[in-house]
Amino acid sequence: MIKIVGRNIIRFIALILLQVFLFNNIHAGNVFHPYFYIIFILLLPFETPGVLLLSLSFFLGLSIDLFVGTVGMHAAACVLMGFARPGVLKVIAPRDGYETGTFPRVSYYGIGWFLKYTIILVFTHHFALFFIEVFEFEHFFLTLSRAVLSTLLTTAIIVISQFLVFRY
């Protein structure tokens, strides 16, 4: 238990730093925006209590907001993602359910399961974030296309990271 908490504290800090200093500098015009930091929410243990999940989601988003000056936009999108996560996990659960002591990773449940899980939650985050950013529905399809394209880019980076970094 202490090992998992320590690993997640290090992951939390490392992902914020990676997002702020690396991934925030990667974008093509106003279309592609990789938000890799949300992998923190995706990789939390299945047994994470709801209150803790929402609190961690809020503090993760708030940390990014403090660095980039977005006044709660990332916090709101992360909380929505954290709120949606248990429902998504329930809907896409394997027939026998999740094994105790496993984590939401490619290595445990396969690439197909992980892609469904990741795409749904990353899109939820990006959709909320981009619509909060523009705060209007006048350019609905432009904002939706930004969310879809950024979801694809972020998902690709997250899946690649599963094979390079998050193997355990």
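I will talk through the first helix of this predicted model and then the empty spaces that were found in the structure.

Helix α1 covers residues 2–21, and over its 20 residues it reaches 29 Å from the first C-alpha to the last, which is close to the 28 Å expected at 1.5 Å a residue. Buried in this helix are Asn 8, Arg 11, Phe 12, Leu 15, Ile 16, Gln 19 and Val 20. Seen down the axis of α1, these buried residues fall within an arc of 150°, so they line one face of the helix. What covers them includes α2, residues 39–42, and α3, residues 50–68, whereas the face turned away from the buried side carries the exposed residues Ile 2, Lys 3, Ile 10 and Phe 21.

Now to the empty spaces: which residues line the largest cavity? Its lining consists of Ile 4, Arg 7, Asn 8, Arg 11, Leu 43, Pro 45, Phe 103 and Arg 105, and by class that makes four nonpolar, one polar and three charged residues. The volume of this cavity is about 40 Å³, and a search of the whole structure finds one cavity of 30 Å³ or more.

The largest pocket has a volume of about 300 Å³, and of the 15 residues that line it, Ile 4, Val 5, Asn 8, Pro 45 and Leu 52 lie nearest its centre. Helix α1 gives the most to this lining, with five residues, and the lining as a whole divides into 12 nonpolar, two polar and one charged.

The second largest pocket has a volume of about 180 Å³, and among its 15 lining residues the closest to the centre are Asn 24, His 33, Tyr 35, His 74 and Glu 133.

Notes:
Residues are numbered from 1 along each chain as its sequence is written. This is a predicted model: local features need pLDDT of at least 70, side-chain atom pairs count only at pLDDT 80 or more; totals for chains, interfaces and linings use all residues. Side-chain values use heavy atoms; hydrogens and water are left out. Helices (H or I, at least four residues) and strands (E, at least two) are DSSP runs, numbered from the N terminus. The expected span of a helix is 1.5 Å times one less than its number of residues. Buried means under 20% relative accessible area, exposed over 50%, partly exposed in between (1.4 Å probe, protein chains only). The arc is that of the directions from the helix axis to the C-beta atoms. Contact means heavy atoms within 4.5 Å. On a 1 Å grid over the protein atoms alone, a cavity is a set of points where a 1.4 Å probe fits but cannot get out, and a pocket is an open set with protein on both sides within 12 Å along at least five of seven lines; lining residues have an atom within 4 Å of a point. Grid points are joined across faces, edges and corners, and a volume is the space filled by probe spheres set on the points. Ala, Val, Leu, Ile, Met, Phe, Trp, Tyr, Cys and Pro count as nonpolar, Asp, Glu, Lys and Arg as charged, and the others, Gly among them, as polar.
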